[in-house]
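Visitor: I have a chain in front of me and would like to know how words such as "buried" or "spread out" are earned. Could you take me through it slowly?

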Amino acid sequence: MIGHLQGKLVEKTPTQVVIDCGGVGYEVHISLHTFSLLPATDFVKLFTHLQVKEDSHTLFGFVEKSEREIFKMLLSVSGIGASIARTMLSSLEPKQIINAIGSGDVGTIQTIKGIGSKTAQRVILDLKDKMLKLYDLDEVSMSQSNTNRDEALSALEVLGFVRKASEKIIEKIVKEDPDASVEAIIKKALKAL
């Protein structure tokens, strides 16, 4: 298994790169996310995953180790091959994929070309527990880690408002203005409730 490649970047396109390592040029398939993170210098290091099939050996490369781990997890799901996993990592940021799977957001996963309703549900079913164990979703999701949101929600509950209705309204307010103070969130929520 090839764990990583380190060498001179010889060719670069949005879907693949060629890295010269000691005179040998390795063709490495990449996602758009990795393409956007490639350094401006000629010298690169990519974490890799080698996929061995009967008729081919394909090398996939990632700037971030976490992106490679997500790629491997996606490959473990029945119905998700390397090309769909790479399309997912090209369509969404790794943090968005973790969030969508962790929160059970079928709609977001379905927006990816090649993934239907059943496959999206299977991805969530197979990977949700793994994602929750490996990644702290509070760090990944800005809306979930917003303490102002939590304080505003508690205040509205104390005032006698139903939690579910309050949560929906507060989520809208926080999406529109992520830096809103607790007071501002409560005032806007009171107007909407």
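Visitor: How far apart are the mean positions of the positive and negative charges of the chain?

Guide: They are 4 Å apart, taken over 24 positive and 25 negative charges. Lys and Arg count as positive and Asp and Glu as negative, while His and the chain ends are not counted; each charge is placed at NZ of Lys, CZ of Arg, CG of Asp or CD of Glu. Please keep in mind that this is a predicted model, in which local features need pLDDT of at least 70 and side-chain atom pairs count only at pLDDT 80 or more, whereas totals for chains, interfaces and linings use all residues. Residues are numbered from 1 along each chain as its sequence is written, and side-chain values use heavy atoms, with hydrogens and water left out.

Visitor: Why is the chain called more spread out than a compact globule?

Guide: The chain has 10 helices and 5 strands, where helices (H or I, at least four residues) and strands (E, at least two) are DSSP runs numbered from the N terminus. Its radius of gyration is 21 Å, well over the 16 Å that the globule rule gives for 193 residues, and therefore the chain is more spread out than a compact globule. That radius is taken over C-alpha atoms, and the rule is 2.2 Å times the number of residues to the power 0.38. Along its principal axes, the C-alpha trace spans about 70 × 40 × 25 Å.

Visitor: Why is histidine 49 called buried?

Guide: Buried means under 20% relative accessible area, exposed means over 50%, and partly exposed lies in between (1.4 Å probe, protein chains only). Histidine 49 has a relative accessible area of 12%, so it is buried. This residue lies in strand E4 (residues 43-52), and it touches, among others, Phe60, Phe62 and Phe71, not counting residues up to four places away in sequence; a contact means heavy atoms within 4.5 Å.

Visitor: And what makes serine 78 partly exposed?

Guide: Its relative accessibility is 49%, so serine 78 counts as partly exposed. Serine 78 is placed in the loop between H2 and H3, where it touches Arg122 and Asp126, again leaving aside residues up to four places away in sequence.

Visitor: How do you know that H4 is mostly covered?

Guide: Of the 10 residues of H4, 7 are buried, including Pro94, Ile97 and Gly102. Just after H4, glycine 104 takes a positive phi of about 75°. In helix H3 (residues 82-91), the buried residues are Ala82, Ile84, Ala85, Met88 and Leu89, and the buried residues of H3 pack against several elements, H4 being one of them.

Visitor: Which elements have the lowest and the highest mean pLDDT?

Guide: Helix H7 (residues 137-140) has the lowest, at 48, and strand E3 (residues 24-29) the highest, at 96, pLDDT being the predictor's confidence in each residue, from 0 to 100. The chain averages 86, and 94% of the residues score at least 70. Over residues 138-145, however, pLDDT stays under 50. Where pLDDT is low, the predicted coordinates should not be read in detail.
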